[in-house]
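The following exercises ask the reader to work through one structure step by step. Each task is followed by a worked solution.

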Amino acid sequence: MAMRQTPLTCSGHTRPVVDLAFSGITPYGYFLISACKDGKPMLRQGDTGDWIGTFLGHKGAVWGATLNKEATKAATAAADFSAKVWDAVTGEEVLTLAHKHIVKTVDFTQDSNSLLTAGNDKLLRIYDLNKPEAEPQEISGHTSAIKKALWCNNDQQILSAADDKTIRLWDKTSSEAVKTLTFDQAVSSMEYIPDGEILVITYGKTVAFYNAHSLDLIKTVDAPTSIHSASLHPDKDYFVAGGDDFKLYKYDYTTKEEMESYKGHFGPVHCVRFSPDGELYASGSEDGTLRLWQTAVGKTYGLWKCVLPACTTEELASENSDAIYCPPEIKA
Amino acid sequence: MLSPQTTLIHPHTTPYDFYHTTCPFHCYARDCNQVCGVTNMMVEFSTACRQPVAMKKAPVTVLRLPRGPDPNSRGFDPNSPRFIALCPTSIPSSAGEGACIEEEQRSRSELRERFLRTLIKMSNKPVNFDMYEGVQVRAKFGASDIDVLNFQVSELQTPIGVQKEALLRCHDMISFSFDV
């Protein structure tokens, strides 16, 4: 049943939003970066969606974006055959790493010293950010474009998902594939939860959960529509998913039951991620917006304030007249 | 059209005014659950005629909408607490001592001022640009954008003809020169 929730809509991008990532929790809150086909990734305050800055420099669609844990560095992967590392405090470009084809995915290690990149050239590359001029370590094996690559198991191993319908687990030191998972269809997204070693994979209408060490299947859940992305709550009680039908679905992780679904986006949902504190989840869509959704609807958090059901219209109007932001009139 | 029985209690004058103030896409979609930033009410639409038919209280008040990008800058406010704490001086001074930082800052200010004055002096003058891949073009310089990412030029002379108006990417330039 479609419930109503008031998402916070973050506008600003002019093309579809294809990737988003949260930082860890820092003394200044947590942050969100969005990758967009307009080539201008944006940094936002994670709990409010307020725009902080735009990373300017890429000359093509940005396919992947990530932040390090402390939100001091950002990395982006773009169709201009480059991955860039940015200072996430000043917005300055720190490094450009040239590739031989479209770069699709980037990921920092926990200590932010290495950057993993991968893309349409079918190679995984590991750059030492303290020695960026040095040749990166290259790992080959995939037979098609790599869609997503992530560090896992204490940054000792790498998980990669490619259009060759496989997910491979690599050992960083030996550059060898330790395990391979083969699917009938291309994997649309992958998320790694270090605490609990869970891997969240989506393909077709399925959301699947695997053990990140052994790549053993934990469970699968089928959704009503083709799913593009899913995310597991930090406490592992729920997971959210979004895809072709524009809706966001929330499921109970234990019982696999669909709990709620929300309409709001005007295009397919490309990416969805829980915040590091689990209080909200963000979704990016073909419609060019990011929306922030509450995990517990009705709770006071960030820009949401709980409204008592006994409020009348007059009380509501007067209560709100103090703490409201009147959006500017937008003429057609 | 709204039937006489359904009263729109929303204070805004017409349904379309409402759309314009709350929905950034001017949407007329029946499931738009945008919330009016003034009254925190949500509109319910008729599936038949797609007109608003009733107002509902939103389950949660939204204090305000998330702030959008500033059209005039790329953001990263240097006065934000995070910026001040993590970048006390954004000058990567090699020496790292007080007096050296001041001197370096003075030099940087001077160089920046000279650069800006050069850009002013260049206006409407023919300029030769040396770019990557051995590209050399000549054009009449118009202006730079605020982040010096693009130069607006006219009468750009290229091997395939003269381009009346063009934008040159500064990232692609190695050097440029002009006669003072």
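The exercises below concern a predicted model.

**Exercise 1. Confidence**

Task: State the overall scores of the model, and find where in chain B confidence is lowest and where it is highest.

Solution.
1. The model has an ipTM of 0.82 and a pTM of 0.73.
2. For chain B, the average pLDDT is 76, and 61% of the residues reach at least 70.
3. The lowest confidence in chain B belongs to helix 1 (residues 15–22), with a mean of 42. The highest belongs to strand 4 (residues 126–131) of chain B, at 96.
4. Residues 1–32 of chain B have a pLDDT below 50. Beyond near neighbours in sequence, this stretch makes 61 contacts in the model.

**Exercise 2. An open sheet in chain A**

Task: Determine in which order the four strands of the open sheet in chain A are arranged, and explain why one side of strand 3 and of strand 6 is left without a neighbour in the sheet.

Solution.
1. The order of the four strands in chain A is 3-4-5-6, with antiparallel pairing.
2. Strand 3 (17–22) and strand 6 (51–54) of chain A are at the edges; each has a single partner strand, so one side of each lacks a neighbour in the sheet.
3. From one strand to the next, the twist averages 20°.
4. Strand 3 of chain A pairs with strand 4 (residues 31–36) of chain A through five bridges, in the antiparallel sense. Within this pair, A21(A) is opposite I33(A) of strand 4.

**Exercise 3. A hairpin in chain A**

Task: Decide whether strand 19 of chain A is largely enclosed or not, and describe its hairpin with strand 20 of chain A.

Solution.
1. Strand 19 (residues 187–193) of chain A has seven residues, of which six are buried, so the strand is largely enclosed by the rest of the structure.
2. Six bridges join strand 19 to strand 20 (residues 198–203) of chain A in the antiparallel sense. Y192(A) faces L199(A) of strand 20 across this pairing.
3. Four residues lie between the two strands of the hairpin, and G196(A) adopts a positive phi near 110°.

**Exercise 4. Two polar residues**

Task: Establish whether N68(A) is buried or exposed, do likewise for S82(A), and describe their surroundings.

Solution.
1. N68(A) is located in the loop between strand 7 (62–67) and strand 8 (73–78) of chain A.
2. The relative accessibility of N68(A) is 2%. Because this is under 20%, N68(A) counts as buried.
3. A polar atom of the N68(A) side chain is 2.9 Å from the backbone nitrogen of A71(A). Farther along the sequence, the residues that N68(A) touches include S23(A), K73(A) and F108(A).
4. S82(A) belongs to strand 9 (residues 82–87) of chain A. Its relative accessible area is 6%, so S82(A) is buried.
5. The side chains of S82(A) and D80(A) make a polar contact at 2.8 Å. S82(A) also touches H58(A), T76(A) and H99(A), among others.

**Exercise 5. Cysteines**

Task: Find how many disulfides the structure holds, and explain why C271(A) has no bond to C36(A).

Solution.
1. Over all chains, the structure holds zero disulfides.
2. The closest cysteine sulfur to that of C271(A) is in C36(A), 9.9 Å away, which is too far for a bond. The cut-off for a disulfide is 2.5 Å between the sulfur atoms.
3. C271(A) is buried at a relative accessible area of 4%. C87(B), with a relative accessibility of 13%, also counts as buried.

Technical notes: Residues are numbered from 1 along each chain as its sequence is written. Chains are lettered from A and ligands numbered from 1 in the order in which they are written. This is a predicted model: local features need pLDDT of at least 70, side-chain atom pairs count only at pLDDT 80 or more; totals for chains, interfaces and linings use all residues. Side-chain values use heavy atoms; hydrogens and water are left out. Buried means under 20% relative accessible area, exposed over 50%, partly exposed in between (1.4 Å probe, protein chains only). A polar contact is a pair of N or O atoms within 3.5 Å; within protein, one must be able to donate a hydrogen and the other to accept it, and residues adjacent in sequence count only if both atoms are side-chain atoms. Contact means heavy atoms within 4.5 Å. Two strands pair if DSSP finds at least two bridges between them. Axes are lines fitted to C-alpha atoms, for helices over the stretch in contact, and angles run from 0 to 180 degrees between N-to-C directions. pLDDT is the predictor's confidence in each residue, from 0 to 100. Lists of a residue's contacts leave out its neighbours within four places in sequence.
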